[in-house]
Amino acid sequence: MRFHLLFAFAPVACGDALPCEIRFVDLDADGFGDLFRPVEVCPGDVDDGLTPRGGDCDDTDPLVHPDAIEVCDTLRVDEDCDGDANADDDSAADVFVVFVDADGDGLGDRQAGPVRTCNLLAGHVFNDADCDDGDPFVGFGVAVLEGGYGCYQDADGDGYGATEPDSAAAQPGSDCDDFDARTFRHALESDLGDIDRNCDDLIIDEIREDFETGDLTEVVFPAFDPSRAYDISDTKGGGVASSGRYSMELPFFGNMNSHLLSLAHSCTTLTWSFDVHRGQDDPSTSDELRFEAVGSTIQRLVTVDGSGTDQAFRTLRGSNLNPALYSTTFFRWVVVGASPTERFYVDDVELACRGVDLDADGYGTNEDCDDLDPQQWSSCASCVDVDGDGYGQDCDLGPDCDDDDATVSPAAIDDLRDGSDVDCDGIDGPTLQDSFEAGIPDPNTWLTLFGGHSYAIDRAATGARSLLLTGGAAMSTPRDFSVCTDVEYSMQLARSAPAPSSKETFEISFWDGSAWVVAQTIPGTGAEDADFTALSGVLVGADHDAFELQLRALGTGAFSVDDVVVACGDGDGIPEPADCAPADPDIFPGQVDVDGDGIDSDCDGFDS
């Protein structure tokens, strides 16, 4: 056997034999040899331990060669031999790409650009949705109800951007008071003559609806009649809308009713307007959409004849209706005709009637059945309230869990662990709960929601809604849990679309009095979950005197959260109402139940 170490790599002829070739010594047998140890191999030579490929920058490590995958490591090894290591190598497989979040709002600074790192960095997030990283209330997608994905300021968390934002980076929105969550473009007027709740420069009671919540159970159009037929039209699903994303779709014999108005004589002039679109299935001339006022009689205000498909919405409006003719009235849009495939679309509804709100219950004299009683506005004839606390059977404020005791109602404060559920939430003592069925941030539960967040419809563990966090977070209002020995939590979680990757996580954190402490982290998997998963535990070290909870999605993937409960516990990690024995840490769902010992240890209702 003959080898010739060379330092020139051109093929060499051995006499009259075939040309010799260059090989490289491959000590670590990874298929790549040391470029600086070339060997001439001629026909008949044995070439064991040699390879035709050079470029191995460490021929003693089989994991280092030009075809290796670059990974992060503490020694900064250049695995793929390209001269760069760890986060400096654009091909590194496990590098995090993050953005600085200086104002702590969960949104990364888009102008600062991405940061490549091998380790998660404090003060950094996985998105670049912040257009002003010095203001925690400004960012892309913050004002979720404005439509589109603009840069807005939403300091009060009502989903609408400020009309005059403090930040120069934010564009004007439609919220005329960005420090009052009760004031926004879509609000109902509710104050006595001095506050414009819906930012239209008028202090009047009215109905406005643009359907942008994408929901069928609106405040303005409550689902009190199950026989009604209508649906939401979504432009992202091929539907149409006059403005924003959604409109109301009225099919063959469909009808949409407003809530009842008690017009009486307080309303001298009522004005109305709405946008209408015929199509997309070409209503014929025999089809029509009727807009009517319904009371003791029916007055048709306008008729839209079917005559094909409109290219765009058009606005219809009118006034000088005499509301005094109707003691109780609702307005309806109804489709009649002979074409089963007909469709009409209604958007941007406005009904306005001048009036006052004498009892400050949010309903003016034109819609309040008793404008001197703040506890009732539509249930005067139906409410059965034995103890006089405003809650009872068929009452506006809702049901009462003990209608014989005026100190017990959903409005009571339950701040003691005394065996009594005085606030009717099913739990003894202070709680923090949300099932997200309201479809808007509950100011009694959440201090602020920021970053990417919305209320998912038809994606829920129970009910119809859940909270969808996409690079966003929810921070609770402070709670006094000082009467609790342990503070426990439970909630339902599902990975949703867009599916979070393995580098994206969902965090459950609590305030310990000086800093946020992560109690549980759930990673993404790159796929959506078919079902929700129950999470629970004990928040060890939480500040009981001023408890705060934070739910946060890190990254651009989506996590759906539902049925959040935080309450006093016994240390078993399962709070009420799931824990059937909240004072006994040996009894909880999932516990092994000994048959015949007289104890239902697993809370399934049976001793077995």
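Does Phe331 count as buried or exposed, and what is the relative accessibility behind that label? At 0% relative accessibility, Phe331 counts as buried. Keep that residue in mind while we step back and look at the whole chain. One thing to know before we start: what you have in front of you is a predicted model.

Let's begin with the big picture. The chain has 608 residues, and 50% of them count as buried. If you go looking for helices, you will find 0 of them, but you can count 31 strands. Now think about which residues touch which. Take the contacts with a separation of 6 or more: 55% of them are accounted for by residues 24 or more positions apart. As for the outside, the chain exposes about 27800 Å², and carbon and sulfur atoms supply 52% of that area.

Back to Phe331 and its ring. The structure holds 9 aromatic pairs. In one of these, Phe291 and Phe331 are stacked, with 6.0 Å from centre to centre and 25 degrees between the planes. This pair links distant parts of the chain: Phe291 belongs to strand E16 (residues 288-294), while Phe331 belongs to strand E19 (residues 330-336), 40 residues apart. What about the partner's cover? Phe291 has a relative accessible area of 1%, so it is buried. The two rings also have company, as ring pairs link Phe274, Phe291, Phe331 and Trp333 into a cluster.

Now try another ring pair, Phe481 and Phe547. Why is this one called edge-to-face? Because the planes of the two rings stand at 85 degrees, with the centres 5.2 Å apart, and planes over 60 degrees apart earn that name. Phe481 sits in the loop between strand E25 (473-476) and strand E26 (486-496), and Phe547 sits in the loop between strand E29 (533-538) and strand E30 (549-554), so the pair ties together parts that are 66 residues apart in sequence. Both of these Phe residues, Phe481 and Phe547, are buried.

Rings can have charged neighbours too. Arg110 lies over the face of Phe140, 4.2 Å from the ring centre. Over at Phe96, the charged end of Lys503 sits over the ring, 5.9 Å from its centre.

Next up, charges that meet charges. The structure holds 12 salt bridges. In one of them, the side chains of Arg552 and Asp101 meet, at 3.5 Å from N to O. Arg552 lies in strand E30 and Asp101 in the loop between strand E6 (96-100) and strand E7 (115-117), so this pair ties together parts that are 451 residues apart in sequence. Arg552 and Asp101 are both buried.

Finally, return to strand E16, the home of Phe291. Glu288 forms a salt bridge with Arg300, and their closest N and O atoms are 3.8 Å apart. Here too the pair links distant parts of the chain, with Glu288 in strand E16 and Arg300 in strand E17 (residues 298-305), 12 residues apart. Glu288 has 16% relative accessibility, so it counts as buried, whereas Arg300 is partly exposed, with a relative accessible area of 42%. Arg300 has another partner in Glu292, where the closest N and O atoms are 3.7 Å apart. Glu292 counts as buried, at 5% relative accessibility. Put these together and you get a network of salt bridges that links Glu288, Arg290, Glu292, Arg300 and Arg332.

Key
Residues are numbered from 1 along each chain as its sequence is written. This is a predicted model: local features need pLDDT of at least 70, side-chain atom pairs count only at pLDDT 80 or more; totals for chains, interfaces and linings use all residues. Side-chain values use heavy atoms; hydrogens and water are left out. Helices (H or I, at least four residues) and strands (E, at least two) are DSSP runs, numbered from the N terminus. Buried means under 20% relative accessible area, exposed over 50%, partly exposed in between (1.4 Å probe, protein chains only). Contact means heavy atoms within 4.5 Å. Accessible areas come from the Shrake-Rupley method with a 1.4 Å probe; for residues, only the protein chains shown count as cover. Rings of Phe, Tyr and Trp (its six-membered ring) pair if their centres lie within 6.5 Å; planes under 30 degrees apart count as stacked, over 60 as edge-to-face and the rest as tilted. A charge sits over a ring if NZ of Lys or CZ of Arg is within 6 Å of the ring centre and within 35 degrees of the ring normal. A salt bridge is a side-chain nitrogen of Lys or Arg within 4 Å of a carboxyl oxygen of Asp or Glu.
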